Amino acid sequence: MALTLPLIQASDDSRARLRLQSVCWAVLAAVAAGLMGLATGLDGGLRSAGCGFFYGLLAFHLQRVDPDDSHLAAGLVGAVCGIRSLGAPLALPSLALPAAAMIELIRGWLPLWLPLIGSALLLQGAQRLLPALRP
């Protein structure tokens, strides 16, 4: 009975360390996205920080599951950018020219996406420079 206690304790310490790392990734992504998003105003900065936090949590767990899948990591960035776009007001340009309408939509959404893309790049760079950040 006494032999199982250290094994349980080691498992709990490992899980606590992973939880702490997960929250650190999320906070780092939120701060980076929030600071970059402040260029569009306080509302944009807060929304970007929220999406960055969400991205950081997901990116950490994706890194744990499959650290070598760069396509899935890029898809995650795209998905969070899409979520950020859903929170933006939609100003539909004239639909007479579909190509022009698509360009206007992307031009309106690109400033919303840049803080999240920057946050993702920051996390990738930090992970490569500081191996202790890896799960």
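**Group meeting: a four-helix chain**

Reading along the sequence, we find the pattern α-α-α-α, which amounts to four helices and zero strands, where helices are DSSP runs of H or I with at least four residues, strands are runs of E with at least two, and numbering starts from the N terminus. I should say at once that this is a predicted model, in which local features need pLDDT of at least 70 and side-chain atom pairs count only at pLDDT 80 or more, while totals for chains, interfaces and linings use all residues. Residues are numbered from 1 along each chain as its sequence is written, and side-chain values use heavy atoms, with hydrogens and water left out.

Let me begin with the chain as a whole. Of its 135 residues, 30% count as buried, meaning under 20% relative accessible area, with exposed set at over 50% and partly exposed in between, using a 1.4 Å probe and protein chains only. The chain exposes about 8700 Å², of which carbon and sulfur atoms supply 73%; these areas come from the Shrake-Rupley method with a 1.4 Å probe. If we take contacts (heavy atoms within 4.5 Å) with a separation of 6 or more, residues 24 or more positions apart account for 69% of them.

Now to the interior. The largest nonpolar core has 16 residues, and those with the most contacts inside it are Tyr-55, Leu-76, Val-80 and Leu-116; such a core is a set of buried Ala, Val, Leu, Ile, Met, Phe, Trp, Tyr and Cys residues joined through side-chain atoms within 4.5 Å. Each of α1, α2, α3 (70–86) and α4 supplies at least two residues of this core, and α2 gives the most, with five. Leu-116, leaving aside its neighbours within four places in sequence, is in contact with Ala-33, Ser-48, Cys-51, Gly-52, Val-80, Cys-81 and Arg-84.

Helix α2 deserves a closer look. It covers residues 42–65, 24 residues in total, and reaches 35 Å from its first C-alpha to its last, close to the 34 Å expected, the expected span being 1.5 Å times one less than the number of residues. Its buried residues include Gly-44, Gly-45, Ser-48, Ala-49, Cys-51 and Gly-52.

Which residue forms a salt bridge with Asp-43? The partner is Arg-47, with the closest N and O atoms 3.1 Å apart, and the rule, a side-chain nitrogen of Lys or Arg within 4 Å of a carboxyl oxygen of Asp or Glu, gives a count of one. Arg-47 and Asp-43 are four residues apart in helix α2, so about one helical turn separates them, and Arg-47 is partly exposed, at a relative accessible area of 39%.

Turning to aromatic pairs, a search of the whole structure finds two, where rings of Phe, Tyr and Trp (its six-membered ring) pair if their centres lie within 6.5 Å, and planes under 30 degrees apart count as stacked, over 60 as edge-to-face and the rest as tilted. Trp-25 and Phe-60 have ring centres 5.4 Å apart and planes at 75°, so this pair is edge-to-face. It links distant parts of the chain, since Trp-25 belongs to helix α1 (residues 4–37) and Phe-60 to helix α2, 35 residues apart, and both residues are buried. The pair of Trp-109 and Trp-113 is tilted, at 6.2 Å centre to centre and 40° between the planes. Trp-109 is partly exposed at 23% relative accessibility, as is Trp-113 at 21%.
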